[in-house]
Amino acid sequence: MSDSLVVCEVDPELKEKLRKFRFRKETDNAAINISPDELKSELPERQPRFVVYSYKYVHEDGRVSYPLCFIFSSPVGCKPEQQMMYAGSKNRLVQTAELTKVLGHGLPSTGGRVFEIRTTDDLTEAWLQEKLSFFR
């Protein structure tokens with residue numbers, strides 16, 4: 001049902017920020033408007049949030065990729081109305097960020113990567129590396 005439910009429209013300014021973020025030239029891990037070290041502490045423990053995250057992934061053979069990940073934080077204990085609103089908006093934002101076509105900078109199409117966390121404690125580098133292990 002959430003595939004067809006449109007709870008909100010995506011602001012054109014956000015679309016442009018996402019486009020610029022997707023094609024940025026920096027080679028560090030980053031989320032829009034926040035450093036990676038601050039990300040975990042900035043996510044509320046009882047409210048859902050969306051995170052678009054560019055991760056520097058170093059392959060075993062030394063190659064470097066920059067997958068663009070969409071992380072949906074839907075903590076246990078948040079209000080059902082908020083969970084429904086975010087869940088209903090998730091697919092629209094994933095399409096707007098073009099994560100259904102390309103995973104990251106110069107990477108082949110993989111159908112996009114959308115990850116969900118149920119507690120902010122789950123958001124660690126080890127967790128993200130495990131989720132991106134298909135890159136090997």
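Two rings of Phe, Tyr or Trp (for Trp, the six-membered ring) form an aromatic pair when their centres lie within 6.5 Å. By this rule, the count comes to 6 aromatic pairs in the structure above, which is a predicted model. Let's use a couple of these pairs as a way into the fold.

Start with F50 and F72. Their ring centres are 5.5 Å apart and their planes meet at 40 degrees, so this pair is tilted. The two partners come from distant parts of the chain, 22 residues apart: F50 belongs to strand β2 (residues 49-54) and F72 to strand β5 (residues 68-73). How exposed is each ring's residue? With a relative accessibility of 24%, F50 counts as partly exposed, whereas F72 is buried at 4%. The cut-off for buried is under 20%. This pair also has company, as ring pairs join F50, F70, F72 and Y86 into a cluster.

Now move along the chain to F115 and W127. Here the ring centres lie 5.9 Å apart with the planes at 80 degrees, so the pair is edge-to-face. F115 sits in strand β6 (residues 114-117) and W127 in helix α4 (residues 125-131), so the pair ties together parts that are 12 residues apart in sequence. Both residues are buried: F115 has a relative accessible area of 7%, and W127 has 13%.

From the rings, we can step to the nonpolar cores. The largest one holds 15 residues, and Y53, I71 and L128 touch the most other members. Which elements each supply at least two residues of this core? They are β2, β5, β6 and α4. L128 is a good residue to click on: setting aside residues up to four places away in sequence, L128 touches Y53, Y55, C69 and F115. There is also a second, separate core of 13 residues, with V10, L18, Y86 and A97 among them. Y86 is worth a second look, since this residue also appears in the ring cluster described above.

Finally, have a look at T96, which lies in helix α3 (residues 80-96). With 18% relative accessibility, T96 counts as buried, because the limit is under 20%. Where does the side chain of T96 reach? At 2.9 Å it meets the backbone oxygen of R92. Beyond its neighbours within four places in sequence, T96 is in contact with V10, K15 and L18. Two of these contacts, V10 and L18, bring us back to the second core, which includes both residues.

Terms used:
Residues are numbered from 1 along each chain as its sequence is written. This is a predicted model: local features need pLDDT of at least 70, side-chain atom pairs count only at pLDDT 80 or more; totals for chains, interfaces and linings use all residues. Side-chain values use heavy atoms; hydrogens and water are left out. Rings of Phe, Tyr and Trp (its six-membered ring) pair if their centres lie within 6.5 Å; planes under 30 degrees apart count as stacked, over 60 as edge-to-face and the rest as tilted. Helices (H or I, at least four residues) and strands (E, at least two) are DSSP runs, numbered from the N terminus. Buried means under 20% relative accessible area, exposed over 50%, partly exposed in between (1.4 Å probe, protein chains only). A nonpolar core is a set of buried Ala, Val, Leu, Ile, Met, Phe, Trp, Tyr and Cys residues joined through side-chain atoms within 4.5 Å. Contact means heavy atoms within 4.5 Å. A polar contact is a pair of N or O atoms within 3.5 Å; within protein, one must be able to donate a hydrogen and the other to accept it, and residues adjacent in sequence count only if both atoms are side-chain atoms.
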